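Grab a pencil and open the viewer. Here are some short exercises, each with a solution worked through step by step.

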Amino acid sequence: MQTRIRGRVWKFGDDVDTDVMAPWSTLSAPWEERRGSLLHIRPRFADQVKAGDLIVAGRNWGCGSSREQAPENLQLLGIGAVIAESFGRIYFRNCIAIAFPNLVCPGIAAACQEGDELEVDVGSGKVRNLSRGSELQGEAYTRDMLEIVEKGGLLKVLEARIGAARKAPQ
Amino acid sequence: MAMTMAEKVLARASGRDAVSAGDYVTARADRVMAHEAWTICALRLVKLGVERVFDPDKVIVILDHYFPAPTEQMARGHAIARDLVERFGIRHFLGHAGVCHQVLTERGHILPGHLVFGTDSHTTTYGAVGAAGTGLGLTEATYVLATGEIWLRVPPTVRFLLGGEAPAGIMSKDVALHIAGRFGTEVAQYRAVEFAGPAARRMTVSSRLTLSNMGVELGAKFAFFEADEITCAYLRKRSKEPVSFFGPDPGARYESFHEVDISRLEPQIACPHNPGNAKPVSEIGRVRVHQAFLGSCTNARLEDLAVAAKILEGRKVHPGTRFLVTPASAQVFLDATRAGYTEIFLEAGAHLTTPGCGACPGGHGGLLAPGEVCLSSTNRNFRGRMGSPEAEVYLGSPASVAAAAVAGHIVDPRQFWKGSTIR
């Protein structure tokens, strides 16, 4: 799993909640149906975004529900990473659990415009704005968080743990 | 070392003498609650070849979000859930007895000092009985069901000191909305909350459940009340296990303190589309209400239904308004019926629906059309949460919801209330 990502920015504001990333009526729907209603606060977002693009948001991105489909939808859409002033905490944990890089970076909303190209490294927490030649320091992942993301998520960690327990002598 | 409630729970659950805010620990669960998410989590376990959960006595499964099944797909999901309950030998399958947090609390499954993980963001509700409850997504819940443990950062704690006597017509929901409006929905982001002070100590468990439930709308990981005489009296009727007081150590370190004088509060209404858009009802203006919804883990307990019944008694629901009452649990429904509230609601023209989550998360049982307005006793009014993204959801107390059902628009509930105090 890549922890250093480069891409083009789409900007969002404060308090974008999990219900608009994954409306309840679509939670059990197949991906093709889920795709269209994703982030419906911004019409046709899913059609315009390209694989590897980044989202830069204000405060409290992903507040609300524990539904994992919120970050999962963004991941399936091909979003490379989300960089925000702050995150809803369950959303943020879900991102680590599914190995979808999201970074807390105070000052990011003012430091870039839509369409800028950024390079983000969740290991070091550094965010470089390649379009403007500026750099910001976000909150780097801890070693344990990085390990989960690098292994491909918590289910992979669990799989390895189960495998190791089976191999261990009784 | 003096510790906060969060630190005390996480020290015990991680097998350490002491922890402090900022430490990372691997903590062991005392209870794991799964609602419909159980189906997906358990199927993942099956796929990984895991044949048992970490402790079948500590896992509680309940189907609440889609009951009775509104679609064939949901019915199939429930059927698989029940099969998997059998297959994994889950001891505590609570069927469809109501909203998870209400049922687990009223049946005494959660005790002071417990560390509780749930597949639902409103797992903070258990803080009302002094437990550290927090929500997890599907992957983390699957991991905890298999291993019984997960990594956590020990959160700093924000302490709210609630003082003053609640004026007539003011409920704990008004306090919660006032806090969200005044301090913002990030005041407890990545943090634990302790609700304390004389007004907190006087609150019933029912009123505390509302505030702890709304804790997650402040960003909180846990939202505690100290477990005191009131908590123990409530739980001793419901649990076979010993119940004891649980609170922070004297001298525990807090990140911040916020004082809230509830004696000056007006009824509060959160405007679309965020619980933090809360204002006193006098600043709202005349907003027509198409649907008044009294339901959810936030505010559909007996105490809430009693307040609504008192407002509805001898009155009629406004002809332009639908008033939906979804009791939080089957037990609440039964108690409300015995108390005569059900008859009052039906006489007034309300619609009673099956206990469960119902319309709150937008699953079934009262969704909204474009352009419609709902005043709801629930916890969130995000755009599109209860149906159309073009609908508007306002949040208020059960008193405010019942008053709007009668008036047909948002109104100060105190005009229907003379004399005694409602809480």
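**Exercise 1: a parallel sheet**

Work out the strand order of the open four-stranded sheet in chain B, and find its edge strands.

Solution. Keep in mind that this is a predicted model.
- Step 1: Reading across the sheet, the order is β10-β9-β8-β11 of chain B, and the pairing is parallel.
- Step 2: Look for strands that pair on one side only; these are β10 (222–225) and β11 (256–261) of chain B, the edges.
- Step 3: Check the twist. On average, neighbouring strands of this sheet are turned by 20° against each other, direction ignored.
- Step 4: Zoom in on one pair. Six bridges link β8 (157–163) of chain B with β11(B), in the parallel sense. Here Gly163(B) sits opposite Asp261(B).
- Step 5: Add the helix. α6(B) lies across β8 and β11 of chain B, at about 125° to β11(B).

**Exercise 2: the partners of β1(A)**

Find which strands pair with β1 of chain A, and in which sense.

Solution. Strands of a sheet pair through backbone hydrogen bonds, either parallel or antiparallel.
- Step 1: Take β1 (4–11) and β5 (117–121) of chain A: they are antiparallel, with five bridges. Arg8(A) faces Glu117(A) in this pair, and Arg4(A) has Asp121(A) as its bridge partner.
- Step 2: Now take β2 (54–57) of chain A. It runs parallel to β1(A), with three bridges between them; Trp10(A) is partnered by Ile55(A).
- Step 3: Follow β5(A) onward to β6 (126–129) of chain A, an antiparallel pairing over four bridges. Glu119(A) and Arg128(A) are bridge partners there.
- Step 4: Inspect the turn. The hairpin of β5(A) and β6(A) has four residues between the strands, and Gly125(A) takes a positive phi near 85°.

**Exercise 3: two domains in chain B**

Describe how domain 1 and domain 2 of chain B meet.

Solution.
- Step 1: Set the bounds: domain 1 covers 5–261 and domain 2 covers 270–416.
- Step 2: Locate the centres, which are 24 Å apart over C-alpha atoms.
- Step 3: Count the contact: 35 residues from domain 1 of chain B and 34 residues from domain 2 of chain B take part.
- Step 4: Name the contributors. On the domain 1 side, α4 (100–106), α6 (172–183) and α8 (205–214) of chain B are the elements that give two or more residues.
- Step 5: Sort that side by character, and you get 13 nonpolar, 17 polar and five charged residues.

**Exercise 4: the core and the chain contact**

Which helix gives the most to the largest nonpolar core, and which one gives the largest share of the chain B side that touches chain A?

Solution.
- Step 1: The core holds 197 residues, and those touching the most other members include Ile83(A), Cys41(B) and Ala404(B).
- Step 2: The top contributor to this core is helix α13 (398–407) of chain B, with eight residues. Each of domain 1 and domain 2 of chain B supplies at least three residues.
- Step 3: Leave out the neighbours of Ala404(B) within four places in sequence, and its contacts include Val289(B), Leu375(B) and Ile410(B).
- Step 4: Turn to the chain contact, where 35 residues of chain B meet 32 residues of chain A. On the chain B side, the largest share is six residues from helix α5 (138–147) of chain B.
- Step 5: That side divides into 12 nonpolar, 15 polar and eight charged residues.

**Exercise 5: odd backbone spots**

Where do the cis peptide bond at Phe67(B) and Pro68(B) and the positive phi of Ser296(B) turn up?

Solution. Most residues other than glycine have a negative phi, and most peptide bonds are trans.
- Step 1: The bond from Phe67(B) to Pro68(B) is cis, with omega near -10°. Pro68(B) belongs to the loop between β3 (59–61) and α3 (72–87) of chain B.
- Step 2: Another cis bond runs from Pro272(B) to His273(B), with omega near -5°. His273(B) is in the loop between β12 (268–270) and β13 (278–280) of chain B.
- Step 3: Ser296(B) has a phi near 90° and lies in the loop between β14 (291–294) and α10 (302–312) of chain B.
- Step 4: Decide whether Ser296(B) is buried or exposed. The cut-off for buried is 20 or more other C-beta atoms within 10 Å; Ser296(B) has 27, so it is buried.

Notes
Residues numbered from 1 in each chain as written. Chains lettered and ligands numbered in written order. Predicted model: local features only at pLDDT ≥ 70, side-chain atom pairs only at ≥ 80, totals over all residues. Core = buried A, V, L, I, M, F, W, Y, C linked by C-beta atoms within 7 Å. Buried ≥ 20, exposed ≤ 12 C-beta atoms within 10 Å, placed from the backbone. Domains from an automatic or database assignment. Contact = placed C-beta atoms within 7 Å. Nonpolar A, V, L, I, M, F, W, Y, C, P; charged D, E, K, R; others polar. Pairing = 2+ DSSP bridges. Axes fitted to C-alpha atoms, helices over the stretch in contact; angles between N-to-C directions.
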